[in-house]
Amino acid sequence: MSIPYVYDAGVLLAIDGNDRRMWVIHHLAVEEGRRLLIPSVVVGQAWRDARRQVQLGRFLHSCEVVPVGVELAKAAGVLCGKAGTGDVVDACVVNVALACGGIVFTSDPEDIAQLSAAADVKPGLVIRRL
């Protein structure tokens, strides 16, 4: 069984900007049959205009968008409190990745690492910079 990938908004922005490296990573993950997870709030952070973001819309169809309900939202708030940060979107990414043992792909590895450290889960997250 392969390890899931969890994408943050930086991935969606890279895809929207037609970043070839990110497309290659994504296509290989799809071919490997990996679960590709995106918390729903990440979509909201990157989505602006369906007419301009057709490519991003297609990309999202190949991913599993994880709903952020009240329990995940609370967990993100708690994690932000522990980490001394206010980015609940990144905290949702970290919580989803910790729950599934996923690898986080991000444009902001420092913030993800800070949240991961505050979660105090061993082993820690594997984080890949875009």
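## Helix α7 and backbone exceptions

In this predicted model, the buried residues of α7 pack against four elements, namely α5 (70–83), α6 (88–100), β4 (103–106) and β5. The buried residues of α7 are Pro109, Ile112, Leu115, Ser116, Ala118 and Ala119. An α-helix has 3.6 residues a turn, so residues three or four places apart point the same way.

Just after α7, the backbone departs from the common pattern, as aspartate 120 takes a positive phi of about 55 degrees there. Aspartate 120 belongs to the loop between α7 and β5, and this residue counts as exposed because its relative accessibility is 56%, where the cut-off for exposed is over 50%.

The loop between α7 (109–119) and β5 (126–129) also holds proline 123, and the peptide bond leading from lysine 122 into proline 123 is cis, with omega near -5 degrees. Most residues other than glycine have a negative phi, and most peptide bonds are trans.

A positive phi is also found at asparagine 18, which is not a glycine and has a value of about 60 degrees. Asparagine 18 is placed in the loop between α1 (9–16) and α2 (20–32). Because its relative accessibility is 35%, asparagine 18 counts as partly exposed.

The two residues with positive phi are set side by side below.

| Residue | Phi | Relative accessibility |
|---|---|---|
| Asparagine 18 | about 60 degrees | 35%, partly exposed |
| Aspartate 120 | near 55 degrees | 56%, exposed |

Definitions and conventions:
Residues are numbered from 1 along each chain as its sequence is written. This is a predicted model: local features need pLDDT of at least 70, side-chain atom pairs count only at pLDDT 80 or more; totals for chains, interfaces and linings use all residues. Side-chain values use heavy atoms; hydrogens and water are left out. Helices (H or I, at least four residues) and strands (E, at least two) are DSSP runs, numbered from the N terminus. Buried means under 20% relative accessible area, exposed over 50%, partly exposed in between (1.4 Å probe, protein chains only). Contact means heavy atoms within 4.5 Å.
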